[in-house]
Each structure stands twice: as C-alpha cells, then as structure tokens.
Amino acid sequence: MAREVKIGNRMVGDGHPTYIAAEIGINHNGDLDIAKRMILEAKRAGVDSVKFQKRTPEICVPRDQWDIMRETPWGYISYIEYRRKMEFGLEEYKEIDRYCKEVGIDWFASVWDEPSVDFLEQFDPIAYKVPSAALTDHGLLSKLRETGRPVILSTGMSTMEQIRAAVSLLDMDKLVITHATSTYPCDPEELNLRVIEKLRAEFPCPIGYSGHEVGLIPSVVAVALGACLVERHITLDRAMWGSDQAASVEPQGFERLVKYIRVTEVALGDGVKRVYPSELSSLKKLRRFQ
C-alpha cells in the first residue's frame, strides 16, 4: 500500500509536504473568544488545521476523582465541575465550524469516548484523533473505524504490543500513527525520536509526531527522521492558566516552526548525489585534479 492518507483536501505521507496541525486542545480554558483567536493565529502561521479535544466528563473522569477540589479560573471547585466548564457544547462547536470556514482552515478533534464521536459526526470531520490516553479503548477504536474517516493514533504511554493491538482494530488505509511521549512538557531525554524510524519500519501507514517539548528543534528533527505529520499545541501565551500551556508554542513560534519544517523538506532533497550547476565555478577554481 502507498504510505499516504487523504485528510481533508491534503495528501499526507511520503512524498507530500508535512501536514502541520496546531492543537488548541483545552488551551482555550472554556473561552470561545480565546479559541477563535488561536484559530486565526494558526491560520496566519500557515498550518494545515487546528485540533480540539472532545470528551464526556462523566465518562472520562474516574469516579474517585470527581469530588477532588482544585483551584481553577472559576474558583475553588470540584474536578468534575472543572472538566464540565472546559468542554465546548453544540453552540460553541457550531461557531468553531463556522469561523474555521470563514478563516479558511480545517479543524478536527481528539475524541476521548464514544458519545463524543456521535457528537462530532454532525460536523463531517476531516479526521479523528485518538489521544494517547484512549489507545487501549478498543470500543472507541472500533467505533472510529466504522465512521470510515481517517484516524490519527497517538502512542504516548504505550508499549509496542499495545500499539499493535490498537492498529489491528483500525483501517490501515486510513491510518496515521504519531509518536508521542505524554509528558507536559517533555524532557529531551524522553522524546526518543528514533521511535519514528521504528514505527516506519513496522507499519506501512504514514508516521507522524505529536510533540510536547519546549522549543521547536525536536519537531523539525522529527521531519528529518520521516515524520510526515507534526502536531504541536498552540497557545496565545505560555504563561496562561492550564496544564498544557508550558508545552505549547506561541503564535510567533508557530510561524517559525512552519518555516523551519518547510526549509527542512527542501533541504532533505532526494538522496541522489550530483554536482549542481551552482558548484561549477567553485569546481573550476578550487579542484586541482579532474
């Protein structure tokens, strides 16, 4: 099979430009205006899409954590109430869908449970993302396969055996696997970017990278190692409240990331050694033996 998948109007895979997704995730802190500002900044940076997260708090939050109290932008409230306030509902997603069409950028979401798939189906999403936390939710994976849509499978916190089991439930012709380490932010010593090569050697589908590091270099190196999709969290300000902000990239950084990835793609070339016309004058002046 060809190592490529169509996401929206873009082909993703070997021989195609790197697909770059800006994950808004929950960095909007439940504020639709902040989410729209992030969408606009992502568009300005030149990414291919923005991504959100959709979950049903009553399903995704373990029952023994519901009543744990914590400080939040809404005051000192229970964890389950905090998770509810972070979730966008139907009206918010209608506006997100409308605004993305107005701006001219694709959007999709990570789904954390089966009802969230049903919810998002009404928006005809270009793809679904399986968050690392849900890689072992085989019911969710089977439901996603039934939609017939492309699936991006994130592999943080997972063994190769767990990854193989997840892949067996999905359609290889519509699958992108992303290497990830689920630490926010992630220490460079635990990024283990060579796993990208390992995944490419074992699975015939496109392999990408979902990065949670501080800085841009590892995400660019991931492209050099064969990642054909790169996802990074976007934020308006890394000092904002929220667990993912420190591992996110601000708008100017995202512009640089897109530029660095595009330069890297060109610089990698085709691997055929040749003498370029631009070298001929140096060849004539500097080489003593022809």
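**Close-up views of the predicted model**

**View A. The buried residues of helix α3 are covered by elements that include α2 (57–60), β5 (69–72) and β6 (75–78).** The structure is a predicted model, in which local features need pLDDT of at least 70 and side-chain atom pairs count only at pLDDT 80 or more, while totals for chains, interfaces and linings use all residues. Residues are numbered from 1 along each chain as its sequence is written, and side-chain values use heavy atoms, with hydrogens and water left out. Helices (DSSP runs of H or I, at least four residues) and strands (runs of E, at least two) are numbered from the N terminus. Helix α3 spans residues 79–86, and its buried residues are Y79, I80, Y82, R83 and M86. These buried residues line one face of the helix, because they fall within an arc of 160° when seen down the axis of α3. The arc is that of the directions from the helix axis to the C-beta atoms. Buried means under 20% relative accessible area, exposed over 50%, and partly exposed in between (1.4 Å probe, protein chains only).

**View B. Helix α8 has buried residues on the same side of its axis.** In α8 (residues 195–202), V195, I196 and L199 are the buried residues. They cover an arc of only 105° around the axis, which puts them on the same side of α8. In general, residues three or four places apart in an α-helix point the same way, because there are 3.6 residues a turn. The elements against which the buried residues of α8 pack are α7 (160–167), β10 (175–179), β11 (207–211) and α9. E197 also lies in helix α8, but this residue is partly exposed, with a relative accessible area of 34%. Between E197 and V5 there are 18 Å in space, C-alpha to C-alpha, for a separation of 192 residues in sequence.

**View C. Helix α9 (residues 217–224) passes helix α10 (residues 251–268) with the axes coming within 9 Å.** The axes cross at roughly 30°; they are lines fitted to C-alpha atoms, for helices over the stretch in contact, and angles run from 0 to 180 degrees between N-to-C directions. The two helices are therefore roughly parallel to each other, a term for angles under 35 degrees (over 145 is roughly antiparallel, 65 to 115 roughly perpendicular and the rest oblique). The crossing of α9 past α10 is right-handed, that is, the near helix is turned clockwise from the far one by less than a right angle, whereas anticlockwise is left-handed. S219, V220, V223 and A224 of α9 make the contact with L257, Y260, I261, T264, E265 and L268 of α10. Contact means heavy atoms within 4.5 Å. By class, this contact of α9 with α10 has 7 nonpolar, 2 polar and 1 charged residues. Ala, Val, Leu, Ile, Met, Phe, Trp, Tyr, Cys and Pro count as nonpolar, Asp, Glu, Lys and Arg as charged, and the others, Gly among them, as polar.

**View D. Helices α1 (residues 32–45) and α4 (residues 90–103) pack at an angle of about 25°.** Their axes are 11 Å apart, and the helices are therefore roughly parallel to each other. The crossing of α1 and α4 is right-handed. From α1, L32, K36, I39, L40 and K43 meet E92, E95, I96, R98, Y99, C100 and V103 in α4. The residues of this contact divide into 7 nonpolar, no polar and 5 charged.

**View E. Helix α5 (114–121) packs with helix α6 (residues 138–147) at an angle of about 20°.** The axes of α5 and α6 lie 9 Å apart, and α5 is roughly parallel to α6. The crossing is right-handed. In α5 the contact is made by E114, V117, D118 and E121, and in α6 by G139, L140, K143, L144 and T147. The contact of α5 with α6 has 3 nonpolar, 2 polar and 4 charged residues.

**View F. K129 is a buried residue in strand β8 (residues 128–130).** The relative accessibility of K129 is 3%. Leaving aside neighbours within four places in sequence, K129 is in contact with K51, F108, A109, S110, V111, I152, S154, T178, S210 and E231.

**View G. Loop residues include a cis peptide bond between Y184 and P185 and positive phi values at D124 and N192.** Most residues other than glycine have a negative phi, and most peptide bonds are trans. For the bond joining Y184 and P185, omega is about -5°; P185 lies in the loop between β10 and α8. N192 is also placed in the loop between β10 and α8, has a phi of about 50° and is partly exposed at 48% relative accessibility. D124, in the loop between α5 and β8, has phi near 50° and is exposed, with a relative accessible area of 54%.
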